[in-house]
Amino acid sequence: MADETGLDSYLADLAESGRRHTSPLAAERIRARGEQRLRRRRAALASGGALLVAALAVGGLSLTGAGRGAEPPAVIPTPTASLFVPPAPAPGAEYASELGYVYGAVVKGDTVQVTVEPVRAVRGAVAPVGGVHTLTLPRGTLVEARQSVGGDPADVRLDRLVSRLAAGRQWVFAIDYDSEGRVHSLREAYWLAG
């Protein structure tokens, strides 16, 4: 037991020296810390409340904006002149062709507008497939012609054939389209009987 009383006295001495070397917090410092905590809490509540009010305001504005309906488009769409979709080249092919009567040619500035009536080849003759569409092509579009220029094969510009193509359905052409749907050339289908 003697050991315990020695330990007790040692611990008592140690506690007493600790009390002598520490100074208790002054009452003013305790109040200052409490007020600082209170200010921080109030500031947090105020900023949270302000954030809530801002979120509600933005949400309310977005809801009132949605009630007005859809905005009108920036550019008013215009209906397409034709429902014609140019043929697409087969895999590995550079061009796709369409057979058709080409007629009604009219020069419009730097372009030539022609009417195309698609046909299909049936035993060396042509058979209409229905539907007519127009193409507006540059005047310099190349045309491989034969019968329409007098019988000898020749490459001519489209604007030189306008007078012959202005009449009705007389000349059948193979119209070559690239992968983007642009006309690359016209080839007279002289091997078909119109």
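**View 1. The whole protein and its surface.** The protein exposes about 13,900 Å², with carbon and sulfur atoms supplying 58% of that area. Please keep in mind that this is a predicted model. Of the 194 residues in the protein, 22% are buried.

**View 2. The order of helices and strands.** Here you can pick out 3 helices and 8 strands. Following the sequence, they come in the pattern α-α-β-β-β-β-β-β-α-β-β. Among the contacts with a separation of 6 or more, 48% join residues that lie 24 or more positions apart.

**View 3. Leu135 and its surroundings.** Let's move in on Leu135, which belongs to strand β4, spanning residues 133–138. Its relative accessible area is 10%, and Leu135 counts as buried because that value is under the 20% cut-off. Leaving aside residues up to four places away in sequence, Leu135 touches Val112, Gln113, Val114, Val116, Ile175, Tyr177 and Val183. Take Val114 as one of these partners: Val114 and Leu135 are 21 residues apart in sequence, yet their C-alpha atoms are 5.4 Å apart in space.

**View 4. A patch of positive charge on the surface.** Now for a group of arginines: Arg29, Arg33, Arg37, Arg39 and Arg40 gather on the surface in a patch of positive charge. Arg29, one of the members of this patch, sits in helix α2, which covers residues 27–66. With a relative accessibility of 51%, Arg29 is exposed, because exposed residues are those over 50%. Compare the two close-ups: Leu135 is buried, whereas Arg29 is exposed.

Technical notes. Residues are numbered from 1 along each chain as its sequence is written. This is a predicted model: local features need pLDDT of at least 70, side-chain atom pairs count only at pLDDT 80 or more; totals for chains, interfaces and linings use all residues. Side-chain values use heavy atoms; hydrogens and water are left out. Helices (H or I, at least four residues) and strands (E, at least two) are DSSP runs, numbered from the N terminus. Buried means under 20% relative accessible area, exposed over 50%, partly exposed in between (1.4 Å probe, protein chains only). Contact means heavy atoms within 4.5 Å. Patches are made of residues with over 30% relative accessible area and no salt bridge: like charges are joined within 9 Å, nonpolar side chains (Val, Leu, Ile, Met, Phe, Trp, Tyr) within 5 Å. Accessible areas come from the Shrake-Rupley method with a 1.4 Å probe; for residues, only the protein chains shown count as cover. A salt bridge is a side-chain nitrogen of Lys or Arg within 4 Å of a carboxyl oxygen of Asp or Glu. Lys and Arg count as positive and Asp and Glu as negative; His and the chain ends are not counted. The place of a charge is taken as NZ of Lys, CZ of Arg, CG of Asp or CD of Glu.
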